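Work through the exercises below with the sequence and the model side by side. Try each task before reading its solution.

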Amino acid sequence: MITVNNLSYSYPKASGPTLKNLDFDIDQGEIFGFLGPSGAGKSTTQKVLYKILHRFDGTIVVKDRHLNDWGNDYFERIGVGFELPNHYLKLTARENLQLFASFYQKENIRDFEELFEIVGLEDDADKCIEEFSKGMSMRLNYIRAIMHDPDILFFDEPTAGLDPINAQKIKRDIAKLKDQGKTVFVTTHDMATADELCDRVSFIVDGEIRLTENPDVLKREHGKRAVRVELEKGLTKEFPVRELGTNKEFIDFVRSGEISRINTQEATLEEVFIKVTGKTLKE
Amino acid sequence: MEKLINVAINDFKLVFRDKSLRIFFVFPVLSVLVVLYGFPYIANLFPIIRPYISILMMSATMQNSLMFGFIYSMVLIDEKDTNVAKVYGVLPVSNFWFVIFRLIAPFLFATFFTIAMLSVEPFYGISFVSNFYYSALAGLVAPLMVLFVATVSRNKLDGMTWQKLFNLPTSLPLLAFFVPASYSFLFAIFPTHWAYQGFKRLISGESFALYLLFGFVYTVFLISLIAKRFSKSHFQ
């Protein structure tokens with residue numbers, strides 16, 4: 001669906017390139033994530049892909065067509081969820097949607113009530129944005145991005161500023177979009193979101209992709225293939241996953257008391273990120 | 001066409017729901033009343049002013065355009081402030097049409113109120129066709145100001161400063177009527193010069209079409225120049 005080869009981009013007057021020879025591809029129906037700290041080039045990559053930034057080096061092919069060959073019809077096919085809320089404050093949520101919807105082909109516009117319901121804004125649709133919290137505005141950002149039923153979606157920190165319940169609603173809906181065959185490109189520095197949502201992630205640092213892989217594979221590869229068992233009485237022991245069911249020591253241990261918890265010892269995505277890039281996501 | 005109407009209605013709502021902006025819609029109405037009642041009253045009270053009524057009239061028509069220019073430039077600056085401009089960058093509409101959508105309302109409002117102003121003026125008996133030509137040219141100053149102020153301003157405060165600065169070159173060509181005729185060409189760089197000179201000839205019964213035509217072409221040229229810069233910066 002999206003193929004990027006050797007993508008480099010420099011902002012005018014910048015001393016060096018912000019993106020350096022990026023190579024990645026995103027399949028149809030895939031949720032692909034860009035993970036990296038602030039200033040790594042995540043949003044810049046998206047801006048190039050949704051044609052806000054031009055004059056890049058390299059090749060970008062979207063739906064079998066070079067990005068530069070796409071005209072305004074490209075924007076009928078893509079949806080963009082911005083990192084920060086951006087709505088007309090003096091208009092209601094419904095008026096905001098109506099205005100922007102009027103630029104798209106009518107037959108593609110989804111039912112507004114259904115959209116408001118997805119993000120729990122059905123009772124606030126006729127309120128002015130001035131009365132909205134940041135979280136409510138972010139939810140409106142989300143439905144504005146999907147209201148014209150695009151095939152490709154770009155989300156920049158889609159759960160930023162959301163409480164856990166609403167973040168979950170958005171994540172659930174993104175997963176639903178994937179099931180419908182939509183292609184989703186997410187940038188985030190929130191490992192939990194990436195872990196939960198993405199089929200594949202790329203670690204991007206200083207404008208370079210360091211690694212691209214499935215999050216589960218990464219966690220397995222970089223973690224210990226072991227389980228840690230903790231008993232109520234305070235004893236803790238670690239056992240290799242291999243042949244765990246026939247491991248006598250393990251069986252004796254779990255029988256020796258009430259089990260408090262059992263955890264696999266795979267690495268977290270954050271640990272993998274630090275290990276691979278030598279940087280933390282908060283840098 | 002539907003998009004154009006939607007954007008125009010939206011802009012109108014934004015202005016009307018903003019307490020600090022909607023008050024400015026009163027001024028063009030007041031200007032019409034000033035031309036209708038105020039100018040004749042002053043001319044009767046101070047006959048010495050009579051020869052300068054035409055200059056006051058030109059100034060009033062331009063102030064009318066500047067008012068709409070100010071109102072709508074604030075809408076665009078607010079759009080930049082709140083990052084809404086970025087959304088327009090990912091909509092299936094070209095930059096050219098976006099600019100047209102946003103400029104048509106201030107142009108039409110400014111033209112309409114100038115027509116109204118010159119229709120009620122009791123001094124020169126300007127025909128509707130001549131009135132229309134002049135008003136359309138004076139009306140173009142509104143979109144010129146909208147684009148200029150919205151392009152160079154980073155925020156509303158900036159916008160206020162720039163709109164005040166924009167007023168100066170708009171009024172400056174009026175000085176051409178107070179300097180020897182051979183020096184008046186010095187003001188030709190300002191687009192309003194052509195409107196003022198056209199107006200002067202219009203009320204004197206002289207040929208004015210060339211002045212208005214040149215003014216029109218020149219102002220549209222300036223608008224298109226600034227529009228290019230505006231398009232580069234507004235959506236990012």
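The exercises below treat one whole chain, then one strand, then one residue.

This is a predicted model, in which local features need pLDDT of at least 70, side-chain atom pairs count only at pLDDT 80 or more, and totals for chains, interfaces and linings use all residues. Residues are numbered from 1 along each chain as its sequence is written, chains are lettered from A and ligands numbered from 1 in the order in which they are written, and side-chain values use heavy atoms, with hydrogens and water left out.

**Exercise 1.** Describe the secondary structure and the overall dimensions of chain B.

Solution. Begin with the elements, which are DSSP runs numbered from the N terminus, a helix being H or I over at least four residues and a strand E over at least two. Chain B has 11 helices and zero strands, so its pattern along the sequence is an unbroken series of α. Next, take the extent: the C-alpha trace spans about 55 × 35 × 35 Å along its principal axes. Finally, compare the radius of gyration, taken over C-alpha atoms, with the globule rule of 2.2 Å times the number of residues to the power 0.38. Chain B has 18 Å, which agrees with the value near 18 Å for a compact globule because the chain holds 236 residues.

**Exercise 2.** How much of chain B is buried, and what share of its contacts joins residues at least 24 apart?

Solution. Buried means under 20% relative accessible area, exposed over 50%, and partly exposed in between, with a 1.4 Å probe and protein chains only. By this rule, 50% of the 236 residues of chain B are buried. For contacts (heavy atoms within 4.5 Å), consider those between residues at least 6 apart in sequence; 73% of them join residues at least 24 apart.

**Exercise 3.** Explain how strand β7 of chain A is covered, and find its pairing partners.

Solution. Strand β7(A) covers residues 152-156, and five of its five residues are buried. On one side lie Ile152(A), Phe154(A) and Asp156(A), and on the other Leu153(A) and Phe155(A). In a regular strand the side chains alternate between the two faces of the sheet. Now turn to pairing, which requires at least two DSSP bridges between two strands. β7(A) pairs in the parallel sense with β6(A), residues 78-81, over four bridges, and Leu153(A) is the bridge partner of Gly79(A). β7(A) also pairs in the parallel sense with β8(A), residues 183-188, over five bridges, where Asp156(A) stands opposite Thr187(A).

**Exercise 4.** Is Ser59(B) buried or partly exposed?

Solution. First locate Ser59(B) in helix α4 of chain B, residues 53-81. Ser59(B) counts as partly exposed because its relative accessibility is 22%.
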